[in-house]
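Student: I keep meeting words like "buried" and "edge-to-face" when people talk about proteins. Could we go through one structure and ask why each word applies?

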Amino acid sequence: MTIGGPRGGGQSRLQMPCLGKMERMIVSMQDPDMGIKMRNQRLLITVIPHAMTGNDIVEWLIQKYGISEEESLHLGNLIVRHGYIYPLRDPRSLVLRADESPYRFQTPYFWTSTKWPATELDYAIYLAKKNIRKQGDLIEHEKDNYNLLHKRINHTWDFVVMQAREQLRAAKQRRKGDRIVIDCQEQAYWLVNRPPPGAPNVLEQGPERRNCHTTRVQLAKNMDYYKREIEYCRKAMARTRVKSSICLEGYLKFNEQYVPHDPIMSGCLPSNPWITDDTTYWAMNAPTVTTPTKLRVERWGFNFSELLMDPLGRAQLLEFLKKEFSAENLSFWEACEELRYGEQSRINEIVDSIYQQFLAPGATRWVNIDSKTMERTLEGIKTPHRYVMDDAQMHIYMLMKKDSYPRFLKSELYRNLLAEAVIPPETKKRVFPFMRKQRHSSPSPALLLPAGDTEAKGEEKSRSPAAVPEEES
Amino acid sequence: GIPWPPAEMAWQEVSLFAVHQVAERVEALGQFVMKTRRTLKGHGNKVLCMDWCKDKRRIVSSSQDGKVIVWDSFTTNKEHAVTMPCTWVMACAYAPSGCAIACGGLDNKCSVYPLTFDKNENMAAKKKSVAMHTNYLSACSFTNSDMQILTASGDGTCALWDVESGQLLQSFHGHGADVLCLDLAPSETGNTFVSGGCDKKAMVWDMRSGQCIQSFETHDSDINSVRYYPSGDAFASGSDDATCRLYDLRADREVAIYSKESIIFGASSVDFSLSGRLLFAGYNDYTINVWDVLKGSRVSILFGHENRVSTLRVSPDGTAFCSGSWDHTLRIWA
């Protein structure tokens with residue numbers, strides 16, 4: 001735990017819009033009409049005014065936000081941990097208890113957003129006061145910090161001690177009740193800003209954002225930039241926007257189609273592996289199985305993409321296209337994908353291969369593209385790049401989607417698949433629910449060789465790979 | 001989004017999902033129960049990012065102390081571990097083949113590590129340095145293959161890289177501040193992605209031309225997370241302004257806000273259930289809120305983590321989701 005505290009200074013405040021919201025919550029909690037009813041709380045023999053119980057806080061949050069007790073306690077705890085409410089009893093523990101424990105609102109002077117970041121000097125003065133009052137008997141981490149600070153800002157130590165003495169003297173003038181309250185307020189503030197080791201640091205932020213203007217890639221506002229902006233705005237204005245009602249229909253339709261396939265919404269058969277430890281569901285829905293499930297085969301009927309993206313579906317599509325003598329379309333599409341997502345160094349090679357196989361006059365697997373697209377593509381491959389086949393690929397994709405796919409869905413092949421598809425029976429509830437099923441490991445994809453060797457190697461390495469010891473980079 | 005609202009649009013209601021329209025057409029959600037089914041312990045510090053393997057059970061996670069771990073989260077076994085030379089590894093991704101992972105953070109780079117089980121091989125030895133930014137790496141994702149990576153950075157740009165050569169294929173300029181997140185579109189023609197940043201903007205990009213296609217600016221604070229709706233017609237965002245929002249690409253505007261007065265901490269990470277009916281969002285108040293995407297209401301709140309939830313992803317087959325937290329653990333929920 002560094003003395004310096006959280007990094008970032010004023011910058012960090014921007015990263016915590018939650019503080020402003022928490023403060024508004026605190027203010028409404030103190031509203032004379034709708035806020036928490038405050039009363040005097042007894043702390044041993046002293047009476048502390050304007051206090052409330054943990055229960056009061058939890059109840060108020062439940063009423064105000066319509067949330068459960070669990071959520072209310074959670075939220076209340078966060079408020080306390082951020083130092084906006086502090087406990088009077090056991091003030092070293094910033095925890096909200098849903099009982100008669102007394103709490104108070106932190107004075108805005110000490111609000112995290114007001115007094116941030118806490119300075120070393122302030123912390124030194126605080127520790128010095130404690131040190132004097134307790135005659136050297138500080139808690140361990142405070143003692144460590146005290147010594148560290150003493151070393152670090154030794155040159156101002158006289159000032160520190162002087163301030164500490166002055167503040168203690170002023171405090172003695174106050175009533176006991178006030179003194180207790182001010183001590184608690186101060187302590188709560190420091191618990192938030194210098195949490196003891198092991199306690200969560202609520203002020204901790206991730207790496208600073210918006211901090212490196214020098215390393216920011218500056219947008220050169222030159223001619224090109226403005227040309228692009230004009231183009232963007234022109235396109236934006238010309239774009240056809242779909243009507244809300246049509247968009248809504250889209251969501252409703254998608255929802256209706258897919259909810260039965262959503263394991264979290266509708267469960268899955270035979271059972272969800274994460275819940276029952278039974279991996280049958282995964283085995284039955286593996287990329288290649290002999291008999292796919294009914295849900296899976298049905299899904300191929302939703303849209304062409306579903307069929308194409310499922311390896312099993314794609315294989316069935318290929319079978320169908322072979323029957324129609326248009327299998328080269330799918331192969332062409334796959335080759336174009338390989339180009340689009342392949343290594344930069346292989347572009348020329350892949351483009352050439354595609355040309356030879358699919359586009360060259362007399363090619364063995366010649367694809368039927370319209371002449372305009374063909375002309376453009378042939379011209380384009382003179383200077384090959386990874387998107388050179390885009391137009392041709394799109395053309396063939398649309399052909400498969402608009403032409404072959406509807407026929408596929410009506411075909412005997414597909415109807416047979418549907419008829420033969422299985423609906424797994426639900427896993428019967430185990431007789432002894434307390435005995436957990438053994439969780440078997442599966443071969444890592446990193447072990448499997450490309451298609452062909454897959455099964456052989458997979459079986460060989462079906463034992464769980466031993467945990468590999470950590471390697472330094 | 002619409003650069004400025006023309007007069008005839010002024011009458012449109014803010015939310016697409018007018019309650020009366022949706023309520024009668026969509027079934028109510030029943031009792032919703034999700035529990036932690038696995039807890040992955042092993043990181044010695046804040047977990048910052050995670051990603052699923054296509055095999056639906058393995059995951060990669062990265063943390064503040066530089067550790068990157070690959071787990072079989074079903075058995076909770078750790079299968080690989082590597083320590084990066086930098087701290088705050090804020091981004092990590094699993095390659096589509098399952099044979100490699102990518103990660104980066106305060107080193108301003110994105111590196112790819114092939115996964116090996118060979119005990120004689122040091123995983124770090126085969127490390128490939130792919131992306132180079134001038135500020136921290138906040139997000140990375142492989143495209144449809146192991147050979148291309150898309151990155152987002154604190155330097156305000158996104159970039160597409162060729163893994164093998166480390167060559168920059170395309171860069172995306174337009175954000176006015178740090179880019180914090182990105183997501184690739186699931187569209188069948190696979191050519192766009194969305195990014196979110198500290199300029200409160202979500203921007204949709206054409207991967208081929210590097211141009212921004214659409215942009216949306218309705219959040220009040222940094223956008224920490226963006227995720228496409230499964231149909232690809234919309235995307236959700238999570239922000240430090242404590243709200244999540246849904247933006248429709250065809251209507252070209254925000255169509256729903258997911259917020260509650262009692263939720264005041266930022267949403268750090270969002271993802272949809274398989275059907276897109278549910279939106280899971282992890283927050284800086286240690287909780288996960290589950291939203292009914294169509295009705296706009298909160299379905300459930302999940303407690304369990306003891307510090308910020310920093311990352312959240314639904315598994316590839318939608319059977320569970322994984323959350324990672326500053327409390328050093330990852331949890332699988334189902």
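Tutor: Gladly; we will take the terms one by one and set each value against its cut-off. Keep in mind that this is a predicted model.

Student: Let's start with rings. Why is the pair of Tyr189(A) and Trp190(A) called edge-to-face?

Tutor: Rings pair if their centres lie within 6.5 Å, and planes over 60 degrees apart count as edge-to-face. The centres of Tyr189(A) and Trp190(A) are 4.9 Å apart and their planes stand at 80 degrees, so this pair is edge-to-face. Both residues are also buried. The whole structure has 36 aromatic pairs over all chains.

Student: What makes Phe172(B) and Trp205(B) an edge-to-face pair?

Tutor: The reasoning is similar. Their ring centres are 5.7 Å apart and the planes meet at 70 degrees, which is over the cut-off of 60, so the pair is edge-to-face. This pair links distant parts of the chain: Phe172(B) belongs to strand E13 and Trp205(B) to strand E16 of chain B, 33 residues apart. Both Phe172(B) and Trp205(B) are buried.

Student: Which aromatic cluster do Tyr189(A) and Trp190(A) belong to?

Tutor: They form one cluster with Tyr109(A), Phe110(A), Tyr123(A) and Tyr126(A).

Student: How do you know that Arg194(A) lies over the face of Tyr123(A)?

Tutor: For an arginine, CZ must be within 6 Å of the ring centre and within 35 degrees of the ring normal. Arg194(A) lies over the face of Tyr123(A) at 5.1 Å from the ring centre, which is within that distance limit. In chain B, Arg38(B) lies over the face of Phe74(B), at 4.8 Å from the ring centre.

Student: Why does Asn108(B) count as partly exposed?

Tutor: Buried means under 20% relative accessible area, exposed means over 50%, and partly exposed lies in between. Asn108(B) has 21% relative accessibility, so it counts as partly exposed. It sits in the loop between strand E7 and strand E8 of chain B.

Student: And is Asp252(B) buried or exposed?

Tutor: Its relative accessibility is 1%, which is under 20%, so Asp252(B) counts as buried. Asp252(B) is in the loop between strand E20 and strand E21 of chain B.

Student: What is notable about phi in these two residues?

Tutor: Asn108(B) has a positive phi of about 65 degrees although it is not a glycine. Asp252(B), also not a glycine, has a positive phi near 65 degrees.

Student: What makes strand E12 of chain B "mostly covered"?

Tutor: Six of its six residues are buried. Thr157(B), Ala159(B) and Trp161(B) lie on one side, with Cys158(B), Leu160(B) and Asp162(B) on the other, and both faces are covered.

Student: How do you know that E11(B) and E12(B) pair?

Tutor: Pairing needs at least two bridges. E11(B) and E12(B) have five bridges and run antiparallel, so they pass that test. One of the matches is Leu150(B) with Leu160(B) in E12(B). The hairpin of these strands has three residues between them, and Gly156(B) takes a positive phi near 90 degrees there.

Student: How many bridges join E12(B) to E13(B)?

Tutor: Five, with the strands antiparallel. Cys158(B) has Phe172(B) as its bridge partner in E13(B), and Phe172(B) is the residue whose ring pairs with Trp205(B). E12(B) and E13(B) form a hairpin with five residues between them, where Gly166(B) in the turn has a positive phi of about 75 degrees.

Student: Which strands of the sheet E14-E15-E16-E17 stand at the edges, and why?

Tutor: This is an open sheet in chain B with antiparallel pairing. E14(B) and E17(B) each have a single partner strand, so one side of each is left without a neighbour in the sheet. The twist averages 20 degrees from one strand to the next.

Student: Finally, which residues have the most contacts inside the largest nonpolar core?

Tutor: They are Ile26(A), Met29(A), Ile57(A), Ile79(A) and Ile85(A), in a core of 43 residues. Ile57(A) touches several residues beyond four places away in sequence, including Met29(A), Ile85(A) and Tyr103(A).

Definitions and conventions: Residues numbered from 1 in each chain as written. Chains lettered and ligands numbered in written order. Predicted model: local features only at pLDDT ≥ 70, side-chain atom pairs only at ≥ 80, totals over all residues. Heavy atoms only, no water. Phe/Tyr/Trp six-rings, centres within 6.5 Å; stacked < 30°, edge-to-face > 60°. Buried < 20%, exposed > 50% of the residue type's maximum accessible area, 1.4 Å probe, protein only. Helix = DSSP H or I, 4+ residues; strand = E, 2+ residues; numbered from the N terminus. Axes fitted to C-alpha atoms, helices over the stretch in contact; angles between N-to-C directions. Core = buried A, V, L, I, M, F, W, Y, C linked by side-chain atoms within 4.5 Å. Contact = heavy atoms within 4.5 Å.
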